[in-house]
Amino acid sequence: MRFARVAVIAAGIGLAGYGVVLLITALSPSLLLALAVWLAAVVVVHDAILAPAMSALRARWWRDAGDRAQVVSAVGQIAFVTGAVLSLFVLPEIWVQGRGSANPTILVGDYALRLVIVWAAVALVVLVTWRICRRRSATERG
């Protein structure tokens with residue numbers, strides 16, 4: 001077990017080092033700066049928006065919550081995190097697409113519309129789950 005752990009750690013360090021070398025050799029300083037800004041923005045968005053929003057949702061939904069409310073809360077949390085992570089990946093593409101490109105064959109999709117559709121689907125899943133759990137709770141109460 002110890003050998004396997006050391007091997008996995010060594011492989012991880014080696015791959016991370018290879019990734020750093022590729023970043024430094026393949027990207028210009030301006031692109032490295034843009035990458036650093038994007039990574040910092042991801043941390044800020046997570047810590048300033050996503051984590052507090054999830055805590056607020058959890059506090060609101062789990063207060064005096066039965067099993068069904070906890071199911072809705074779990075589905076809501078999973079849906080919100082899924083939508084947020086997808087947004088973090090798609091928003092840079094939308095930004096670059098709006099800026100324009102010298103190569104018209106890249107970024108040809110309608111990413112903004114697709115992101116709106118994903119968020120609508122996320123909201124629909126949560127609302128349907130909430131409605132089903134609410135209806136079952138009402139029928140159980142009589």
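Let's start with Val45, which lies in helix H2, the helix spanning residues 29–62. Keep in mind as we go that this is a predicted model. Val45 is partly exposed, with a relative accessible area of 28%. What does Val45 touch once we leave aside its neighbours within four places in sequence? Two residues: Leu50 and Leu88. If you have the structure open, look across to Ala84 as well. Ala84 is 39 residues from Val45 along the chain, and the C-alpha atoms of the two are separated by 9.6 Å.

Now let me step back to the whole fold. The chain has 4 helices and 0 strands, so if you like your patterns simple, you'll enjoy α-α-α-α as the order along the sequence. How much of the chain counts as buried? Of its 142 residues, 14% do. The exposed area of the chain is about 10,600 Å², and carbon and sulfur atoms supply 72% of that. As for contacts, take those with a separation of 6 or more: 57% of them come from residues 24 or more positions apart.

Next, please turn to helix H1, residues 2–26, where Ile24 has its place. Leu23 is in helix H1 too. Is Ile24 buried or exposed? Ile24 is exposed, because its relative accessible area is 56% and the cut-off for that class is over 50%. Leu23, on the other hand, is partly exposed, at 34%. Together with Val20, these two residues form a nonpolar patch on the surface, and the three have about 260 Å² of accessible area together. Leu23 also has partners beyond its sequence neighbours: not counting residues up to four places away, Leu23 touches Leu32 and Leu35. The C-alpha atoms of Leu23 and Leu35 are separated by 9.8 Å, with the two residues 12 apart along the chain.

Let's move on to helix H3, which covers residues 67–99 and holds Ser87. Ser87 counts as buried, because its relative accessibility is 10% and buried means under 20%. Which residues does Ser87 contact, again leaving aside neighbours within four places in sequence? They are Pro92, Leu115 and Trp119.

While we are talking about tryptophans, have a look at Trp95. Arg99 lies over the face of Trp95, at 4.7 Å from the ring centre. On the aromatic side, the structure holds 1 aromatic pair.

My last stop is helix H4, residues 111–141, where you will find Thr129. Why does Thr129 count as buried? Its relative accessibility is 16%, so Thr129 falls below the 20% cut-off. Beyond the neighbours within four places in sequence, Thr129 is in contact with three valines: Val71, Val72 and Val75.

To recap, then, here are the residues I'd suggest you click on. In helix H2, pick Val45, which is in contact with Leu88 among others. In helix H1, pick Ile24, the exposed one at 56%. In helix H3, pick Ser87, buried at 10%. And in helix H4, pick Thr129, buried at 16%. Thanks, everyone, and I'm happy to rotate the model for anyone who would like another look.

Conventions: Residues numbered from 1 in each chain as written. Predicted model: local features only at pLDDT ≥ 70, side-chain atom pairs only at ≥ 80, totals over all residues. Heavy atoms only, no water. Phe/Tyr/Trp six-rings, centres within 6.5 Å; stacked < 30°, edge-to-face > 60°. Lys NZ or Arg CZ within 6 Å of the ring centre and 35° of its normal. Helix = DSSP H or I, 4+ residues; strand = E, 2+ residues; numbered from the N terminus. Buried < 20%, exposed > 50% of the residue type's maximum accessible area, 1.4 Å probe, protein only. Contact = heavy atoms within 4.5 Å. Areas by Shrake-Rupley, 256 points an atom, 1.4 Å probe, with all protein chains shown as cover. Patch = residues over 30% accessible without salt bridge, like charges linked within 9 Å, V, L, I, M, F, W, Y side chains within 5 Å. Salt bridge = Lys/Arg side-chain N within 4 Å of Asp/Glu carboxyl O.
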